[in-house]
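Got the viewer open? Keep the selection tool handy and follow along, one stop at a time.

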Amino acid sequence: MGRPELSKEEKRSERITLKLTKEEKKKIDKAAAICGLPPVVLVREKLFKGRFPEAKIAKVDMDTYVELKRIGININQQTRQLNAGKLPIGLLALLNKLKAQEEKIIRGLFYDSQSENR
């Protein structure tokens, strides 16, 4: 089953030609790749909606974010119990180290998602 037929008003039949430098074209292609869209769609979205489409996060990164969120939730639950006096005091130092490690990983993922090598 194919795509539904567009009405005459919805069809894109008009064309604009735009000349760019090689560097400008590279920038548009790079932004389009980050968003997972063809360059023409990226330009159309920016022009008519006034913003760039949201960048897509690689699946590996998304899985890592989900796992870190779970770790963070567990750490927060255990910290609440510790503060309520329900866990041994020595656990506080371990929880603080885990929280610091979690923040370090999140920062690394954030900066990696903005790197030139993606």
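Start by selecting helix H1, residues 22-35, and helix H2, residues 39-49: each of them supplies at least two residues to the lining of the largest pocket. Keep in mind as you click around that this is a predicted model. Which helix gives the most to that lining? It's H2, with six residues.

Now show the pocket itself. Its volume comes to about 700 Å³. The lining is made up of 16 residues, and the ones closest to the centre of the pocket are Arg-15, Ile-16, Val-40, Val-43 and Arg-44. Select those five as sticks if you want to look at the middle of the site. Then colour the whole lining by class: you should get nine nonpolar residues, five charged ones and two polar ones.

Next stop, helix H4. Select residues 91-113 and pick out Glu-102 within that stretch. Is Glu-102 buried or exposed? Its relative accessibility is 8%, so Glu-102 counts as buried, the cut-off for that being under 20%.

What does Glu-102 touch? Setting aside residues up to four places away in sequence, select Leu-68, Ile-71, Gly-72 and Ile-75. Zoom in on Gly-72 in that group: its backbone nitrogen sits 3.4 Å from a polar atom of the Glu-102 side chain. Draw a distance line between those two atoms and you have a good label for this view.

Stay on H4 and move to Lys-99, which also belongs to that helix. Lys-99 has a relative accessible area of 29%, so this residue is partly exposed; that class covers values between 20% and 50%. With neighbours within four places in sequence left aside, the contacts of Lys-99 are Ile-75 and Asn-76. Ile-75 should look familiar, as Glu-102 touches it too. For Asn-76, try a C-alpha to C-alpha distance: the separation from Lys-99 is 9.1 Å, with their positions 23 residues apart along the chain.

Finally, zoom out and switch to cartoon. You'll find four helices and zero strands, which reads as α-α-α-α along the sequence. Turn on the surface as well: the chain exposes about 10,500 Å², and carbon and sulfur atoms supply 57% of that area. Colour by burial next, and buried residues make up 11% of the 118 in the chain. If you like contact maps, one last thing to plot: among contacts with a separation of 6 or more, 30% come from residues 24 or more positions apart.

Technical notes:
Residues numbered from 1 in each chain as written. Predicted model: local features only at pLDDT ≥ 70, side-chain atom pairs only at ≥ 80, totals over all residues. Heavy atoms only, no water. 1 Å grid on protein atoms, 1.4 Å probe; cavity = no way out; pocket = protein on both sides within 12 Å on 5 of 7 lines; lining within 4 Å. Points joined across faces, edges and corners; volume = space filled by probe spheres on them. Nonpolar A, V, L, I, M, F, W, Y, C, P; charged D, E, K, R; others polar. Buried < 20%, exposed > 50% of the residue type's maximum accessible area, 1.4 Å probe, protein only. Polar contact = N/O pair within 3.5 Å; in protein donor to acceptor, adjacent residues only side chain to side chain. Contact = heavy atoms within 4.5 Å. Areas by Shrake-Rupley, 256 points an atom, 1.4 Å probe, with all protein chains shown as cover.
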